[in-house]
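Welcome to this guided tour. Please open the structure in your viewer, keep the selection tool at hand, and follow along stop by stop.

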Amino acid sequence: MMASIGEFDPLNTRVPATKIEVTVSCRSLLDVDTFSKSDPVVVLYLQAVGTKEWREFGRTEVIDNTRNPDFVRKFVLDFFFEEKQNLRFDVYNVDSRSCNISKHDFLGQTFCTLGEIIGSTGGRLERTLSGIPGKKCGVIIFTAEELSNCRDIATMQLCANKLDKKDFFGKSDPFLVFYRSNEDGTFTICHKTEVIKNTLNPVWQPFTIPVRALCNGDYDRTVKVDVYDWDRDGSHDFIGEFTTSYRELSRGQNQFNVYEVLNPKKKGKKKKYINSGTVTLLSFKVESEYTFVDFIRGGTQLNFTVAIDFTASNGNPSQPTSLHYMSPYQMNAYAMALKAVGEIIQDYDSDKLFPAYGFGAKLPPDGKISHAFPLSGDSESPNCVGIEGVLEAYFQSLRTVQLYGPTNFAPVINKVANCAAEITDGSQYFVLLMITDGVISDMVQTKEAVVNAASLPLSIIIVGVGPAEFDAMEELDGDEVRVSSRGRLAERDIVQFVPFRDYIDRSGNQVLSMARLAKDVLAEIPDQLLSFMKSRGIEPRPALSSSPLPALHRHI
């Protein structure tokens with residue numbers, strides 16, 4: 001218990017996900033009942049990542065006698081941008097009381113990802129049902145909406161009075177630890193205040209926390225607060241605890257928001273024990289923040305660009321030891337990283353055209369070295385159609401260019417930054433994926449490029465492949481220390497670096513390796529997009545209507 005307090009890292013705790021409500025309708029379903037129309041129900045299955053197994057998640061109600069049902073019962077799903085959440089919807093005609101779905105008539109099915117529903121225009125996706133050979137099964141329509149309590153941010157301030165003295169010399173050094181309760185009765189740490197030195201009557205700084213981190217949207221769920229006395233060696237002394245709930249806290253400063261801090265051990269031992277002090281809520285306010293989903297539904301497109309390392313240190317592509325080796329049996333690390341990240345981002349990019357570049361190669365016909373050549377071979381149009389198109393262009397380039405060097409990042413970063421600089425109104429957000437096997441040769445120029453790009457709608461993901469030491473890369477990943485160049489600090493942290501080897505599944509399951517990689521490198525993108533929008537005062541546009549829109553896209 002004690003250790004978990006010391007190790008609590010507010011950046012890496014997993015806040016319960018945004019909850020998305022999916023509404024389902026069907027049109028022109030098959031008629032299978034002889035004397036009346038069908039009685040349809042829709043069953044949703046979710047796919048497990050590693051095993052690919054489909055598990056039933058839930059069912060709509062049954063609507064009698066219709067080929068065009070609008071179901072009332074909705075599916076509420078946890079949404080993780082960084083995961084590929086595969087969904088399968090099966091439609092059945094219910095013709096008996098049996099709960100066993102296989103006893104009913106199958107009317108068709110469709111597959112999609114949760115990202116596709118959210119990323120489609122106005123959060124409305126229409127799909128053709130299939131699965132019965134030779135028959136038109138009709139269409140199924142999904143709309144996605146974010147549940148509103150996901151976006152609230154609470155700011156509160158607390159103080160304490162007459163806390164127990166724990167230190168032999170001087171008074172206590174108190175701090176508070178907040179936990180939300182889980183469905184199964186366990187507690188998850190969700191906030192820790194700063195330590196106030198040498199006082200039994202501390203006043204803590206106001207702090208801000210997402211409401212869903214505090215109670216996962218259930219306002220009456222228990223919130224437990226522990227009071228500790230800080231010790232340098234990490235063995236913090238427990239002063240006492242109290243419980244409250246989001247609903248109680250939201251009433252603000254009043255006589256009910258004064259809590260007795262109780263220490264169960266002391267209470268058991270001492271007959272005269274009253275409490276170990278009190279904690280008072282001084283202020284509480286709640287504000288609504290825009291979310292990633294608000295911007296996507298308002299029409300913001302994610303623009304995905306890829307840059308691949310073609311330096312000689314990768315090894316000769318025709319040799320099995322090369323990081324670029326094209327085996328007929330399995331993907332190399334470059335292809336895996338590209339597919340893992342690209343397949344998730346493509347759901348939020350309506351035209352599915354992805355610019356793709358290589359760097360560090362000699363190009364035909366004259367052997368000129370380039371650090372930003374289009375894999376398509378066409379300098380006028382670096383776009384590839386879909387992730388498969390990027391992979392094809394990558395494999396084709398390996399056959400035509402000569403791997404060379406050095407490993408220069410700045411030219412590609414500047415190229416994408418120039419495009420991002422043209423569209424800063426919030427309608428586009430650029431994500432550059434760079435895959436490399438080694439140490440950067442132009443670190444000074446790359447830092448300059450990153451600092452310049454930090455004020456633009458751009459995030460950079462760097463995936464290191466192969467066995468090299470990637471220590472220098474950590475300098476670019478601003479998690480610990482913000483990147484700086486010539487005395488200027490980057491305005492935002494926009495670079496996320498990971499070595500692919502940390503994610504490889506030991507049993508050789510490539511699907512699992514790719515899911516783990518994507519989960520980690522993409523997890524920061526929604527917050528990076530929000531930090532840009534907030535810094536520029538950009539608000540999401542109202543959710544688009546789902547009528548066809550003229551193409552707003554402009555690509556590199």
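**First stop: a strand residue**

Select Ile 189, which is found in strand S11 (residues 187-192). Helices (H or I, at least four residues) and strands (E, at least two) are DSSP runs, numbered from the N terminus. With a relative accessibility of 15%, Ile 189 counts as buried. Here buried means under 20% relative accessible area, exposed means over 50%, and partly exposed lies in between (1.4 Å probe, protein chains only). Now add Leu 129 to the selection: Ile 189 and Leu 129 are 60 residues apart in sequence, and their C-alpha atoms are 44 Å apart in space.

A word on what you are viewing: this is a predicted model, in which local features need pLDDT of at least 70 and side-chain atom pairs count only at pLDDT 80 or more, while totals for chains, interfaces and linings use all residues. Residues are numbered from 1 along each chain as its sequence is written, and side-chain values use heavy atoms, with hydrogens and water left out.

**Zoom out: the whole chain**

Show the full protein chain and colour it by secondary structure: you will find twelve helices and 28 strands. Along the principal axes, the C-alpha atoms fill a box of roughly 90 × 80 × 45 Å. Of the 556 residues in the chain, 52% are buried.

Next, turn on contacts (heavy atoms within 4.5 Å). Among contacts with a separation of 6 or more, 71% are between residues 24 or more positions apart.

Switch to a surface view. The accessible surface, from the Shrake-Rupley method with a 1.4 Å probe, comes to about 26100 Å², and carbon and sulfur atoms hold 51% of that area.

**An open sheet**

Select strands S4, S1, S8 and S7. These four strands form an open sheet in the order S4-S1-S8-S7, with antiparallel pairing. Strand S4 (75-79) and strand S7 (124-128) are the edge strands, each pairing on one side only. Two strands count as paired if DSSP finds at least two bridges between them. Strands of a sheet pair through backbone hydrogen bonds, either parallel or antiparallel.

Now keep just strand S1 (residues 18-27) and strand S8 (residues 139-146), which pair in the antiparallel sense over eight bridges. Look for Ser 25, which stands opposite Ile 141 in S8.

**An enclosed strand: S17**

How many residues of strand S17 (residues 301-309) are buried? Nine of the nine are, so strand S17 is largely enclosed by the rest of the structure. In a regular strand the side chains alternate between the two faces of the sheet. Show the side chains of S17: Gln 301, Asn 303, Thr 305, Ala 307 and Asp 309 are buried on one side, and Leu 302, Phe 304, Val 306 and Ile 308 are buried on the other.

Bring in the partners of S17. Strand S24 (residues 428-436) pairs with S17 in the parallel sense over eight bridges, and Leu 302 stands opposite Tyr 429 in S24. S18 also pairs with S17 in the parallel sense, over four bridges; there, Ile 308 stands opposite Gly 358.

**Another enclosed strand: S28**

Move on to strand S28 (residues 495-499). Five of its five residues are buried, so strand S28 is largely enclosed by the rest of the structure. Val 495, Phe 497 and Pro 499 cover one side, with Gln 496 and Val 498 on the other. Add strand S25 (residues 458-464), which pairs with S28 in the parallel sense over five bridges. Val 463 stands opposite Val 498 in S28.

**Last stops: backbone details in loops**

Most residues other than glycine have a negative phi, and most peptide bonds are trans. Four loops show something else.

- Select Lys 352, in the loop between helix H7 (333-345) and strand S18 (353-359). Its phi is near 55 degrees, a positive value, and at 29% relative accessibility Lys 352 is partly exposed.
- Select Arg 486, in the loop between strand S26 (484-485) and strand S27 (488-489). Its phi is near 45 degrees, also positive, and Arg 486 is exposed, with a relative accessible area of 71%.
- Select Pro 365, in the loop between strand S19 (361-363) and strand S20 (368-370). A cis peptide bond, with omega about 0 degrees, joins Pro 364 and Pro 365.
- Select Pro 406, in the loop between strand S23 (402-403) and helix H9 (410-422). The peptide bond from Gly 405 to Pro 406 is cis, with omega near -10 degrees.
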